Amino acid sequence: MREPLVQVLNDDAPWDSFDARAYVDVNYRCVTAEDSLILAIVRDHFATHFDADGRIPLRGIDVGTGANLYPALSLLPWCHEITLCDRSAANVEWLKRQDWALMSERGEWLWSQFWDILAERPAYGAIAEPRSLLGSLSRVEHGNLFDLPRAGWEIGTMFFVAESMSTSREEFERAVACFLGSLEPGAPFAAAFVRGSAGYDVGAESYPACDVAESDVHATLARYSERCEITVVDPSVPPFRSGYSGMIVACGRRNSHSA
Ligand SMILES: C[S@@+](CC[C@H](N)C(=O)[O-])C[C@H]1O[C@@H](n2cnc3c(N)ncnc32)[C@H](O)[C@@H]1O
C-alpha cells in the first residue's frame with residue numbers, strides 16, 4: 001500500500017454531488033469480463049454456503065450501494081429484507097426513486113444482463129421477477145458505514161467502497177472492520193475492492209482512493225473473518241478505464257472476534 005502525496009479523508013469528498021447516472025453510464029452500461037467473473041464468484045460463494053446451511057430468509061445489507069445494483073441482486077434469494085446504505089444524499093435519492101428499476105424504450109432492464117449470470121444457479125434462476133422483488137425487499141438508508149450498528153445483519157456485501165472512499169489506510173481498515181462488525185458471527189459476506197486505484201472521476205467530481213493490493217485486503221479481513229477466499233481479477237484487455245490494476249474479490253464468513 002503506497003501512501004498518497006495528499007490525504008483526502010472520507011469527510012472531505014463531495015459525496016452529495018455523486019452523479020449516479022454518470023457513474024452507471026461509465027461503469028455498468030454493460031457487463032465487463034471483470035463483472036462477469038466477480039458475479040460468478042459471489043453467486044457460487046453464497047449458493048455453496050446455503051447448500052450447506054439452509055437458514056434463510058435473512059436480513060441482508062449492501063454497504064455503499066451507490067448506483068450499482070448487482071451486489072444487492074446477489075443477496076436476493078437469501079433475504080426477506082435488504083438494507084441499501086449509502087452516505088451520499090444524491091445516491092440515496094437515486095435509490096429511493098428506484099431509478100435503477102426503469103426499463104429502456106426497448107423494454108429492457110439494464111440489470112437483467114447482470115442477473116442472467118446469477119441466474120445460472122438454481123436458487124437465483126427460480127426468481128421470476130428479480131426487478132420487482134428487489135424493489136419490494138430493499139430499504140434505502142442514508143447513513144455512514146462508520147456508524148453501522150454491530151451485528152445487525154445476517155449476510156452482507158460491500159463493493160468498491162472501503163478503498164474508494166478516502167486516501168487513508170486507517171480509514172480503509174476501519175471501513176472493513178465496520179462492515180464486518182455490522183454482521184452477526186457466521187454471516188456470509190462478499191466484498192470487492194479496486195486494486196492499485198489512483199482515485200476516480202464521476203461526472204464533474206473527483207473522488208479519493210486508497211491504493212491497496214491483495215495482501216492489504218487479506219491482512220485487513222483476516223482479523224474479523226474465517227474461511228475467507230481472495231481472488232484477483234485482472235483488468236479486461238483493453239481495460240475499461242485507467243488508474244487501476246485489477247479487482248480483488250473476498251468471500252468468507254464473519255468470525256466471532258469483536259470489531
Ligand atoms: C466507488 S462507489 C461504489 C458504489 C457501488 N458499491 C459499486 O459497486 O459500484 C463508493 C460508494 O461509497 C459511498 N460512500 C462513501 N463513503 C461512505 C460512507 N462513509 N458510508 C457509506 N457509504 C459511503 C459513496 O457514496 C459511493 O456510493
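How far is a nitrogen atom of the ligand from an N or O atom in the side chain of Asn10? In this predicted model, the separation is 2.9 Å. Two further polar approaches to the ligand stand out. An oxygen atom of the ligand lies 2.5 Å from a polar side-chain atom of Tyr23. On the backbone side, a polar atom of Arg87 is 3.3 Å from a nitrogen atom of the ligand. Taken alone, the ligand exposes 590 Å². The protein buries 99% of that area.

The space taken by the ligand is the largest cavity. Around the ligand there are 21 residues. Those that come nearest are Tyr23, Tyr28, Gly64, Asp86 and Phe159. Tyr23 thus appears both among these nearest residues and in the 2.5 Å approach to a ligand oxygen atom. By class, the shell holds 10 polar and 9 nonpolar residues. A further 2 residues of the shell are charged.

Three acidic residues were then examined for their setting. Glu34 belongs to helix 2, which spans residues 33-52. The relative accessible area of Glu34 is 1%. Glu34 is therefore buried, as the cut-off for that class is under 20%. In sequence, Glu34 and Ser236 stand 202 residues apart. In space, their C-alpha atoms are 6.5 Å apart.

Asp35 is also placed in helix 2. Its relative accessibility is 6%, so Asp35 counts as buried. The side chain of Asp35 makes a polar contact with the side chain of Tyr70. The distance for this side-chain pair is 3.1 Å.

Glu120 has another setting. Glu120 lies in the loop between helix 5 (112-118) and helix 6 (122-125). Is Glu120 buried or exposed? The relative accessible area of Glu120 is 57%. Glu120 is exposed because that class begins over 50%. Along the chain, Glu120 and Arg43 are separated by 77 residues. From C-alpha to C-alpha, Glu120 and Arg43 are 9.0 Å apart.

In summary, the ligand occupies the largest cavity, and the protein buries 99% of the area that the ligand exposes alone. Asn10 and Tyr23 approach the ligand through side-chain atoms, and Arg87 through a backbone atom. Of the acidic residues examined, Glu34 is buried at 1% and Asp35 at 6%, whereas Glu120 is exposed at 57%.

Conventions: Residues are numbered from 1 along each chain as its sequence is written. This is a predicted model: local features need pLDDT of at least 70, side-chain atom pairs count only at pLDDT 80 or more; totals for chains, interfaces and linings use all residues. Side-chain values use heavy atoms; hydrogens and water are left out. A residue is near a molecule or strand if one of its heavy atoms lies within 4 Å of it. A polar contact is a pair of N or O atoms within 3.5 Å; within protein, one must be able to donate a hydrogen and the other to accept it, and residues adjacent in sequence count only if both atoms are side-chain atoms. Accessible areas come from the Shrake-Rupley method with a 1.4 Å probe; for residues, only the protein chains shown count as cover. On a 1 Å grid over the protein atoms alone, a cavity is a set of points where a 1.4 Å probe fits but cannot get out, and a pocket is an open set with protein on both sides within 12 Å along at least five of seven lines; lining residues have an atom within 4 Å of a point. A molecule sits in a cavity or pocket if more than half of its atoms lie within 2 Å of its grid points. Ala, Val, Leu, Ile, Met, Phe, Trp, Tyr, Cys and Pro count as nonpolar, Asp, Glu, Lys and Arg as charged, and the others, Gly among them, as polar. Helices (H or I, at least four residues) and strands (E, at least two) are DSSP runs, numbered from the N terminus. Buried means under 20% relative accessible area, exposed over 50%, partly exposed in between (1.4 Å probe, protein chains only).
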